[in-house]
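Please walk me through this structure from its sheets to its inner spaces. I have not seen it before and would like a plain account.

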Amino acid sequence: MKYYACTDAPFEICGLDVIDPAEKRFWRLADEDAAAVSDAVRSRSKTACGGRIRFRTNAVSIRIRISLHTLGVDLCIPLPGSAGLDVYTGTGINAMYRGYVCPLQYGEENKTQEKDIWLQPETKSMVQVTLNLPRNEQLAGVEIGIPEDAELLPPLPFASREKILYYGSSITEGGCASRPGNAYTAMVARWLDCDYQNLGFSGVARGEEAMAKLIADKDCSIFVMDYDHNAPDAMHLEATHEPFYKIIRAARPELPVIMMSKPDFDADPAGNARRRDVICRTYTNARMAGDENVYFLNGETFFGTMGRDSCTIDNCHPTDLGFYRMAEQVYQVIQSILRKKN
């Protein structure tokens, strides 16, 4: 078995702005960019949420070692979801989940863990491998062990040239999926076989002007605006939502923008209806002004009719079922966007 750091060639790391193996930094945003928004966003941006490691190999199995800087208790998310990475082979709707690697328990002495992951039968065909990085914790590094007799190659390019940028709350971040690949953000990008960046910030995505300007300058071709849940109330949402959209639209006239209201509607139907109406008004005003590149998704519909109570863990954060139902609707809208582009 030969071990490689995830920053070695031919591995590819996607979805992170800062990749610094010397300092063991795997961050979603550069420090100065995040600090321009808020101290809270600056702190949360130092997780590797939405980051992926991609490569190809013909190995039957590999060994993965993950090391973390932090390891905090999250009562609503199991360890594979809060502090683990998960592994897929293949691409698009045919991608197959192969397992996870995470600490066995909380505690300072448990921040490094390794595990063998079976990738395929004894055929030794070349397969594409994707590791989805942890949602909650700050990553110190990932090492990948490849058998000496196996090949290791760069990943294939994404099938789609699109890059989705998601901005929003802890739900956008992936809470409370049982593992990172089950967040709606990851599902949609996996099904499309495209790149993405996750700018979900648990509890602190407030639609700040500085964040809108930052997003307007980022490399993306589809933007999902999903911060309803973190707006303290409907008044805050009304004061920030349309201005946020207008900053992005002024800088990116052709960028498709998907506006979503929060999925956990049933906990406060009247209050959440008021919030939804604010978002819908931003969308309606944009359409009336001639913007044909805006889309609205009503979060009340995400969880369907049957089994709605199984779609959250705490009447707020989605379970894997809730995320799957969210992903289905977001995927359909992006498919319609792609049809218009083509």
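The paragraphs below take up the sheets, the nonpolar core, the empty spaces and two single residues in turn.

The model is a predicted one. A good place to begin is an open sheet of four strands, arranged in the order E1-E11-E6-E9 and paired in the antiparallel sense. Its edges are formed by E1 and by strand E9, residues 112-118, each of which pairs on one side only. From one strand to the next, the twist averages 25°.

Within this sheet, strand E11 has a partner on either side in the order E1-E11-E6-E9. Strand E1, residues 2-5, pairs with E11 over four bridges in the antiparallel sense. Two of the residue pairs can be named: Lys2 has Ile146 of E11 as its bridge partner, and Tyr3 has Gly145 of E11. Strand E6, residues 61-68, runs antiparallel to E11 and is joined to it by six bridges. Here Arg65 has Glu143 of E11 as its bridge partner.

How is strand E11 placed with respect to the rest of the structure? E11 spans residues 139-146, and seven of its eight residues are buried, so the strand is largely enclosed by the rest of the structure. Buried here stands for a relative accessible area under 20%.

Strand E11 also takes part in the largest nonpolar core, as one of the elements that give two or more residues to this core. The core has 33 residues, and those with the most contacts inside it are Ile53, Phe55, Leu131, Val142 and Ile144. Besides E11, the elements giving two or more residues are strand E5 (52-57), E6, strand E7 (85-89) and strand E10 (127-132). In soluble globular proteins, nonpolar side chains tend to be buried together.

Ile53 can serve as an example from this core. Residues up to four places away in sequence are not counted here, and the residues that Ile53 touches include Val129, Thr130, Leu131 and Leu133. Val142 and Ile144 are also among the residues touched by Ile53, as are Cys6, Phe11, Glu12 and Ile13.

The second sheet to look at is an open one of five strands, in the order E14-E13-E15-E16-E17, and its pairing is parallel. Strand E14 (195-200) and strand E17 (294-297) are its edge strands, each pairing on one side only. On average, neighbouring strands of this sheet are turned by 15° against each other, direction ignored. Strand E13, residues 163-168, pairs with E14 over six bridges in the parallel sense. In one of these pairings, Gly168 has Gly200 of E14 as its bridge partner.

Helices pack on this sheet. Helix H5, residues 184-192, touches E13, E14, strand E15 (222-226) and strand E16 (257-260), and its direction makes about 170° with that of E13. Helix H8, residues 269-288, touches E16 and E17, and its direction makes about 155° with that of E17.

The next topic is empty space. Rolling a probe the size of a water molecule over the atoms shows where such space is left. How many cavities of 30 Å³ or more does the count give? The count comes to two cavities of that size. The largest cavity holds about 180 Å³ of space. It is lined by 17 residues, and the closest to its centre are Arg52, Thr130, Phe158, Arg190 and Asp193. The elements that give two or more residues to this lining are E5, E10 and H5. Strands E5 and E10 are thus met again here, as both also give two or more residues to the largest nonpolar core.

The largest pocket has about 160 Å³ of space. Which element gives the most to the lining of this pocket? That element is E11, with four residues. Among the lining residues are Ala140, Gly141, Val142 and Glu143, along with Ala5, Cys6 and Thr7. Pro21, Lys24, Phe26 and Ser67 line the pocket as well.

Two single residues remain. Asn110 lies in the loop between strand E8 (96-101) and E9. Is Asn110 buried or exposed? Its relative accessible area is 14%, so Asn110 is buried. Leaving aside neighbours within four places in sequence, Asn110 is in contact with Leu71, Pro103 and Gln105.

Ser336 lies in helix H9, residues 320-341. With a relative accessible area of 23%, Ser336 is partly exposed. Ser336 and Pro80 are 256 residues apart along the chain, and their C-alpha atoms are separated by 33 Å.

Terms used. Residues numbered from 1 in each chain as written. Predicted model: local features only at pLDDT ≥ 70, side-chain atom pairs only at ≥ 80, totals over all residues. Heavy atoms only, no water. Buried < 20%, exposed > 50% of the residue type's maximum accessible area, 1.4 Å probe, protein only. Pairing = 2+ DSSP bridges. Axes fitted to C-alpha atoms, helices over the stretch in contact; angles between N-to-C directions. Contact = heavy atoms within 4.5 Å. Core = buried A, V, L, I, M, F, W, Y, C linked by side-chain atoms within 4.5 Å. 1 Å grid on protein atoms, 1.4 Å probe; cavity = no way out; pocket = protein on both sides within 12 Å on 5 of 7 lines; lining within 4 Å. Points joined across faces, edges and corners; volume = space filled by probe spheres on them.
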